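Thanks for coming, everyone. I have one structure to show you today. Let me put it on the screen.

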Amino acid sequence: MKEKRLYIKYRLSGNVYEDDLYQNEHYTIEEEVSEYGIKTVIIPKEKIELIAFSLKYKRKCVAEERFFANGYQSWTTSQEYTADDKEKGLPAFIEKLGFARKMASVSGDYLFARYRKGHGRFHSFTYTYFRNDAEAELYGSLNEKTGFTIFYVDMDGGDFEISKDVEGAVVASGERYELMNVVRIKGAYDEVFDTYFKQMGIPKPRIEHMAGYTSWYNYFQQIDENIILRDLNGLDRVGESVDIFQIDDGFETFVGDWLDPCEKFPHGMKYIADKVHEKGYLAGIWLAPFNAQKKSRLAAQHPDWMVKDSRGNPIVSCMGWGGAYTLDLYNEQVREYIRNFFDVILNDWGYDMVKLDFLYSQCMFPRNGLSRGQIMADAMEFLRECVGDKLILGCGVPLGSAFGIVDACRISCDVDLKFKGKYYNRLHVNNEIPSAKNAITNTVFRRHLDGRAFCNDPDVFFLRDYNLKFTEEQKQLLAKINNLFGNVLFVSDDVNTYNEKQLDLLIKTFAKSNAMIISAEKTDKNYFVVKYLEDGERKTLNFEF
């Protein structure tokens, strides 16, 4: 790379400044540069509010080179692109409709990342790589706690930009604020990721593999005690292949009112955990710890606990459940409320793992003199403090903020019960909507995180014959992809309904794969080629959507 150019934008005493200086009357910038990376620190001479910071380079992309775009959060579509591809943002008809744009933007980066029209223009969060055949050149942030790092590329124009989402961060006079700390690593695919995570100092995940049941993708919120116990008993047919049984959304009265008795579970949730433990499984339970459903008792009784917009209205941070607000992490009463329900669920009820969802909601907008990345880092550290030694499965979270905090993490969007998707999949409402195809794409291209950042959860696979619009081939493909590339393997099926063939496939899919991935790529718009070694045999998996 060459021709580096610095850009900084900030606010001081109500005035906005933009420049490309390393020092002026308002600040000094210190920089450490080597062939292995760059570290940049700002020291203000008086208090300033940061708006934007980036380093811009010229980097020529060679023919056949591929750029990996890591999406904003767990659900965001992530894959390799060539210079002939285009990045999909929000469609034009949504951009023109204010309410639709607001809804589509809730879980994504559309309000603060740049989506540029044309071929070969992409962006990636926290890390990226350029790959030419077996050789990769990785760029990765070592510090997301001061703000999200975003890599922008124009493969045709030869532009490469490393940007820091510092919007809203207030830095005091004389304070040293690390704007950027990015490493550059060259080598084989697995080699560059081994080196990257070693340099970040992230410990090896505590779990390598986990298989079992989650209730969501068959019943959604329509669960009750009878359904849960029936499906729990159905797993007797699988024997020692099961590690965990997780109750998903639907056990609570309303999102946020986690400890209120629910008539659908007359014996309470401790009773369910005890029944799970009797089977020898870990007991898992779903929570959206930062959210309060509009209809909840929590939202009605504590409107002052919610994150507000500039006009003092609570921010809608999730469109599900008829809408939900976000609890303000920086309110000490909120922290105590969250600590309390975790204590009851984990210690009194006895659950071993919490699946924590919609975590992005905490950092949707900068506030309190903090950037989005600072807020998300604070949120994840607080959650780990609350959960202690119990397991965390993260979901709906910016992945860089989850590194080294969660034990397992969703790395794809939700799958859909219809393989080809619904009408809004064809309209491409946003990059976070449920989609079996996008889930498979993410599972393939985020495989490098498994065993390094956390244990990868590619979302569920299905083998049942009802309440599903998959062909047998599609069910087998999803199961194979999850087994090859993931290590958190869940079904939502009532295993009592399985025939022997389905049962055998379930046991095979639940087992930890011994496959070694040689390569995996899209050779055309929707055509994948995966080459791997399995049981000592070289194999190729070809499929297309």
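I'll go from the whole chain to the cores, then to one helix, then to single residues.

First, a caution: this is a predicted model.

Start with the overall fold. The protein chain has 14 helices and 28 strands. How does its radius of gyration sit against a compact globule? For 545 residues, a compact globule would come out near 24 Å, and the protein chain has 23 Å, so the two agree. Along the principal axes, the C-alpha atoms fill a box of roughly 70 × 60 × 45 Å.

Now contacts. Take pairs of residues at least 6 apart in sequence. Of the contacts between them, 70% join residues at least 24 apart.

Next, the surface. Of the 545 residues in the protein chain, 60% are buried. The accessible surface is about 22,300 Å². Carbon and sulfur atoms own 48% of that surface.

Charges, quickly. There are 70 positive side chains and 82 negative ones. The centres of the two sets lie 5 Å apart.

On to the cores. In soluble globular proteins, nonpolar side chains tend to be buried together. Here, the largest nonpolar core has 151 residues. Which residues have the most contacts inside it? They are Phe342, Tyr351 and Phe454. Apart from that core lies another, of 32 residues. Its members include Ile29, Leu50, Phe67 and Phe151.

Look at Tyr351 in the largest core. Setting aside neighbours within four places in sequence, Tyr351 is in contact with Ile247, Met269, Ile272, Ala273, Ala283, Gly284, Ile285, Ile345, Leu346 and Lys390.

Phe151, from the other core, brings us to Ile162, since Phe151 is among the residues that Ile162 touches. Ile162 is in strand β12, residues 159-165. Buried or exposed? Ile162 counts as buried, because its relative accessibility is 1% and the cut-off for buried is under 20%. Its contacts beyond four places in sequence also include Phe53, Leu55, Tyr57, Ile150, Met180 and Val182. Gly89 makes a distance check: it is 73 residues from Ile162 along the chain, and their C-alpha atoms are separated by 20 Å.

Now one helix, α5. Helix α5 runs over residues 225-234 and is mostly covered, with seven of its 10 residues buried. Which ones? In α5, the buried residues are Glu225, Ile227, Ile228, Leu229, Asp231, Leu232 and Gly234. Note that Glu225 and Asp231 are on that list. What covers the buried residues of α5? The cover includes β15 at 210-214, α4 at 216-219, β16 at 244-247 and α6 at 269-278.

Two of those elements, β16 and α6, flank the loop that holds Pro266. Pro266 is exposed, because its relative accessible area is 63% and exposed means over 50%. Asp224 is 42 residues from Pro266 along the chain, yet their C-alpha atoms are separated by 9.1 Å.

Compare His302. His302 is in the loop between α7, at 297-301, and β19, at 316-318. With a relative accessible area of 23%, His302 is partly exposed. Cys262 is 40 residues from His302 along the chain, and the C-alpha separation is 21 Å.

Next, Ser401. Ser401 is found in helix α10, residues 399-402. Its relative accessible area is 9%, so Ser401 is buried. Which residues does it contact, beyond four places in sequence? Ser401 is in contact with Phe148, Met376 and Met380. Met380 is 21 residues away along the chain, and the C-alpha atoms of Ser401 and Met380 are separated by 6.9 Å.

Last item: backbone torsions. Two residues deserve a look here.

Trp321 is not a glycine, yet its phi is positive, at about 60°. Trp321 lies in the loop between β19 and β20, the latter at 324-326. At 16% relative accessibility, Trp321 counts as buried.

Asn467 also has a positive phi, near 50°, in a residue other than glycine. Asn467 lies in the loop between β24, at 455-457, and α13, at 472-485. How accessible is Asn467? At 39% relative accessibility, Asn467 counts as partly exposed.

That's the tour. Over to you for discussion.

Terms used
Residues are numbered from 1 along each chain as its sequence is written. This is a predicted model: local features need pLDDT of at least 70, side-chain atom pairs count only at pLDDT 80 or more; totals for chains, interfaces and linings use all residues. Side-chain values use heavy atoms; hydrogens and water are left out. Helices (H or I, at least four residues) and strands (E, at least two) are DSSP runs, numbered from the N terminus. The radius of gyration is taken over C-alpha atoms; the globule rule is 2.2 Å times the number of residues to the power 0.38. Buried means under 20% relative accessible area, exposed over 50%, partly exposed in between (1.4 Å probe, protein chains only). Contact means heavy atoms within 4.5 Å. Accessible areas come from the Shrake-Rupley method with a 1.4 Å probe; for residues, only the protein chains shown count as cover. Lys and Arg count as positive and Asp and Glu as negative; His and the chain ends are not counted. The place of a charge is taken as NZ of Lys, CZ of Arg, CG of Asp or CD of Glu. A nonpolar core is a set of buried Ala, Val, Leu, Ile, Met, Phe, Trp, Tyr and Cys residues joined through side-chain atoms within 4.5 Å.
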